[in-house]
Amino acid sequence: MSNLLGGYLSATFNPLSGAPTTVEYLVVAGGGGGSGANAGDYCAGGGGAGGLRTAASFAVATGTALTVTIGAGGAGGVGRAQGADGINSVFSSITSTAGGGGARGDSTTSQNGNSGGSGGGATQGSSGPGTGGSATPSGQGFAGGTATGNAPQYGAGGGGGAGSVGVNGTANNGGNGGTGLCSTITGQRVFYSGGGGGGAYTTAAQVSLGGGGGGGSGGAQTSGLSGTANTGGGGGGGGSVTPAVNGGNGGSGIVIIRYPATQSPPASFGGANTPQISYADGYQIYTWTSSGTVTF
């Protein structure tokens, strides 16, 4: 009996194999804000999604505190104001670039979307179409859409997403936000970094959709909707011909790491809030929605 019990205890309570040498990560930056439009400005561009970076094997050392920074989403433009860019998110030496703000509504002068992890959508005035913001640096997302249509029924471009470019606006209709990307790092399928939809001129317009991954929908004679928190989604652009409207705020970012559950947990965490801890598929998973540090 003692041998059986001893064997059972040995098999059940094996010690952990030590601190990890590599971890898998997902780092999503804050999405760009959608822009607003004053009365008569027609429509405004959707915000670009926060840049997304992910990899399965990132080297970590023991005894060194690694920085975790969660980027805020950019503020939506109020009236005739450009949507603000989001804020970068960081894990150790990995930086994901903030989404670019959408272009402001302007009935006379074309406006360009801001560049970022994904670019903001453009608007069109009587001078012609603007240009969607580019994805800079490359590899974290896609460009924003342009704006097209006939005066005054311009539709603004959607913000770019981590999975595709923002859709171009058309007559009456704003362009949808670019699609996000799906991650299974938490053990579930979750989409991140969808672009914000572009604004539209008239209530008869089909409301543009934010890209799957937290992007906010654009407005049709209404303000744009905000991107979802902790997804990096871009804010929707406002659209109007009579009242002034605002753009939606960009969604904040997120940082997630995981490594095998057979290895030792982190030695310590820093910052005001510790990460959420979960387990799935044989991994221990740490999710930050506010900034801090981790030491292995």
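**Aromatic pairs, an open sheet and loop residues in a predicted model**

Tyr286 is buried, with a relative accessible area of 2%, and this residue serves as the starting point for a description of the structure, which is a predicted model. Tyr286 belongs to strand β17, which covers residues 283-288, and the ring of Tyr286 takes part in aromatic pairs with the rings of Tyr259 and Phe269. A pair of aromatic rings is described by the distance of the centres and the angle of the planes, and both values are given below for these two pairs.

In total, six aromatic pairs were counted in the model. For Tyr259 and Tyr286, the ring centres lie 6.2 Å apart and the planes meet at 20 degrees, and because planes under 30 degrees apart count as stacked, this pair is placed in the stacked class. Tyr259 is located in strand β14 (residues 254-260) whereas Tyr286 is located in strand β17, so the pair ties together parts that are 27 residues apart in sequence. Both of these tyrosines, Tyr259 and Tyr286, are buried.

The pair formed by Phe269 and Tyr286 has ring centres 5.8 Å apart and planes at 45 degrees, so this pair is tilted. Phe269 lies in strand β15 (residues 268-270), and since Tyr286 lies in strand β17, the pair ties together parts that are 17 residues apart in sequence. The two partners are covered to unlike degrees, for Phe269 is partly exposed, with a relative accessible area of 28%, while Tyr286 is buried at 2%. Ring pairs extend to further residues as well, linking Tyr259, Phe269, Tyr286, Trp288 and Phe296 into a cluster. A contact of another kind involves Arg258, whose charged end sits over the ring of Tyr283 at 3.8 Å from the centre of that ring.

Strand β15, which holds Phe269, is also part of an open sheet of five strands, in which the order is β6-β5-β4-β18-β15 and the pairing is antiparallel. The edges of this sheet are formed by β6 (94-96) and β15, each of which has a single partner strand, so one side of each is left without a neighbour in the sheet. From one strand to the next, the twist averages 20 degrees. In a regular strand the side chains alternate between the two faces of the sheet.

The pairings within the sheet can be followed from one edge to the other. Strand β5 (residues 89-91) pairs with β6 in the antiparallel sense over three bridges, and within this part of the sheet Phe91 stands opposite Ile94 of β6. Strand β4 (residues 65-69) is joined by four bridges to strand β18 (residues 292-295), the two strands running antiparallel, and here Leu66 has Val294 in β18 as its bridge partner. At the other edge, β15 and β18 run antiparallel and are joined by three bridges, with Ser268 standing opposite Thr295 in β18.

Several residues in loops were also examined. The peptide bond from Thr136 to Pro137 is cis, with omega near -5 degrees, and Pro137 is situated in the loop between β8 (128-129) and β9 (148-150). Gln221, although not a glycine, has a positive phi of about 60 degrees; Gln221 is found in the loop between β12 and β13 (239-240) and is partly exposed, with a relative accessible area of 27%. Asp281, likewise not a glycine, has a positive phi of about 55 degrees. Asp281 is placed in the loop between β16 (276-280) and β17, and at 60% relative accessibility this residue counts as exposed. Gln188, in the loop between β11 (181-183) and β12 (190-192), counts as exposed at 54% relative accessibility. The C-alpha atom of Gln188 is separated by 8.8 Å from that of Ala280, although the two residues are 92 residues apart along the chain.

For the protein chain as a whole, the secondary structure comes to one helix and 18 strands, and the C-alpha trace spans about 85 × 35 × 30 Å along its principal axes. Of the 296 residues in the protein chain, 52% are buried. Among contacts between residues at least 6 apart in sequence, 55% join residues at least 24 apart. The protein chain exposes about 11,200 Å², of which carbon and sulfur atoms supply 53%.

Note on methods: Residues numbered from 1 in each chain as written. Predicted model: local features only at pLDDT ≥ 70, side-chain atom pairs only at ≥ 80, totals over all residues. Heavy atoms only, no water. Phe/Tyr/Trp six-rings, centres within 6.5 Å; stacked < 30°, edge-to-face > 60°. Buried < 20%, exposed > 50% of the residue type's maximum accessible area, 1.4 Å probe, protein only. Lys NZ or Arg CZ within 6 Å of the ring centre and 35° of its normal. Pairing = 2+ DSSP bridges. Axes fitted to C-alpha atoms, helices over the stretch in contact; angles between N-to-C directions. Contact = heavy atoms within 4.5 Å. Areas by Shrake-Rupley, 256 points an atom, 1.4 Å probe, with all protein chains shown as cover.
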